[in-house]
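Biologist: I would like a close look at one part of this model, the sheet and what packs against it. Please start from a single pair of facing residues and work outwards from there.

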Amino acid sequence: MPNDSRTKTVLVALLLCLVCSVVVSTAAVSLRPLQEANKALDKKRNILQIAGMMREDVSIDEAFELIEARVVDLKTGEYLDSVDPANYDQRKAAKDPAASRALSKDEDVASIRRRADQATVYLVRDQEELKTIILPIHGYGLWSTMYGFIALEGDAQTISGFGFYEHAETPGLGGEIDNPQWKAQWPGKLVYDDSGDVAIEVMKGAVGEATPQPQFKVDGLAGATLTSRGVTNLLRFWLGEQGFKPYLERIRQG
Ligand SMILES: Cc1cc2nc3c(=O)[nH]c(=O)nc-3n(C[C@H](O)[C@H](O)[C@H](O)COP(=O)(O)O)c2cc1C
């Protein structure tokens, strides 16, 4: 066909589209297992970082062998040995009406709408003694659902680490939840007050000498009151009755 033929132009364009779409879909399909593996590795890295167990000299998989994953029934706080933590996907379960429950307006302080019935927790033991409990948490900030982990000491009351691995808050404002200096304030803070209520909060302004009960308070993020409030809310939810409170109470009772 001559080069200025309309049919040839259309045919070449169609052929080019077809070749490109085959290349793109082959790449997407063949890279999916690699993406899944990288995602799983990234999650392990985050758990290790929050547990303070990241080491330069060993691989992430090797360091993660010291961490025991268990699935917990959030309602009763009991371990579910019948569920393999390697195959349980809490985020997927939260979308499945058969594996989650819809939260009422009053219950949904973290603005997540549904909560999976089960959750994966990560434990670090020294001999038989429970040293660290790492809990998955998530909730809405200003622009996005923020996903992270909180690490508690074996007393199920003292925070030993806290951080997010996925969010879309504004860098420099809400995105300061990733600032190492802000995150460094969390270890040593306490979760529950004497009456057993969740007392930990991100306050407005900075924690100072005059701040009442500073053991429960962390500096607010300047110019990001809404993200800060989101962090307080998700902690209230996940450490409360609808979250890990029944489980943590069981741990405290031994
Ligand atoms: C472009 C833009 C991005 C913003 N991103 C955030 C954010 O990520 N988190 C947040 O809490 N506030 C963010 N804000 C500010 C909020 O709109 C709101 O003003 C602020 O949370 C109030 O906090 P302040 O009382 O500390 O000033 C953003 C504002 C603008 C204009």
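Modeller: In this predicted model, Gly148 stands opposite Phe164 of strand S7, and that pair belongs to a stretch in which S6 and S7 run antiparallel and are joined by 6 bridges. The hairpin formed by S6 and S7 has 5 residues between the strands, and within this hairpin Ala156 adopts a positive phi near 60 degrees.

On the other side of S6 comes S5, since the order across the open sheet of 5 strands is S1-S4-S5-S6-S7, with antiparallel pairing. The two strands at the edges are S1 (67-73) and S7 (159-166), and because each has a single partner strand, one side of each is left without a neighbour in the sheet. From one strand to the next, the twist averages 25 degrees. Strands of a sheet pair through backbone hydrogen bonds, in either a parallel or an antiparallel way. Here S5 (residues 129-140) and S6 (residues 145-153) run antiparallel and are joined by 9 bridges, and Tyr140 is placed opposite Thr145 of S6.

Two helices are to be considered with these strands. Helix H1 (residues 6-50) packs on the sheet and touches S1, strand S4 (118-126), S5, S6 and S7, with its direction making about 155 degrees with that of S7. Helix H5 (residues 225-238), for its part, lies across S5 and S6 and runs at about 125 degrees to S5.

The surroundings of the ligand can be read against these elements. Its shell is made up of Leu142, Trp143, Glu169, Thr170, Leu173, Gly174, Ala222, Gly223, Ala224, Thr225, Leu226 and Thr227, and sorted by class these come to 6 nonpolar, 5 polar and 1 charged residues.

As for the setting of the sheet in the whole chain, the division is into domain 1 (1-65) and domain 2 (68-252), with 31 Å between the two centres, taken over C-alpha atoms. Contact between the domains involves 8 residues of domain 1 and 11 residues of domain 2; on the side of domain 1 that touches domain 2, the residues divide into 4 nonpolar, 3 polar and 1 charged.

Altogether the chain has 6 helices and 9 strands. Its radius of gyration is 23 Å, well over the 18 Å that the globule rule gives for 254 residues, so the chain is more spread out than a compact globule. Along the principal axes, its C-alpha atoms fill a box of roughly 85 × 45 × 45 Å.

Definitions and conventions: Residues are numbered from 1 along each chain as its sequence is written. This is a predicted model: local features need pLDDT of at least 70, side-chain atom pairs count only at pLDDT 80 or more; totals for chains, interfaces and linings use all residues. A residue is near a molecule or strand if its C-beta atom, placed from the backbone, lies within 6 Å of it. Ala, Val, Leu, Ile, Met, Phe, Trp, Tyr, Cys and Pro count as nonpolar, Asp, Glu, Lys and Arg as charged, and the others, Gly among them, as polar. Two strands pair if DSSP finds at least two bridges between them. Helices (H or I, at least four residues) and strands (E, at least two) are DSSP runs, numbered from the N terminus. Axes are lines fitted to C-alpha atoms, for helices over the stretch in contact, and angles run from 0 to 180 degrees between N-to-C directions. Two residues are in contact if their C-beta atoms, placed from the backbone, lie within 7 Å. Domain bounds come from an automatic or database domain assignment. The radius of gyration is taken over C-alpha atoms; the globule rule is 2.2 Å times the number of residues to the power 0.38.
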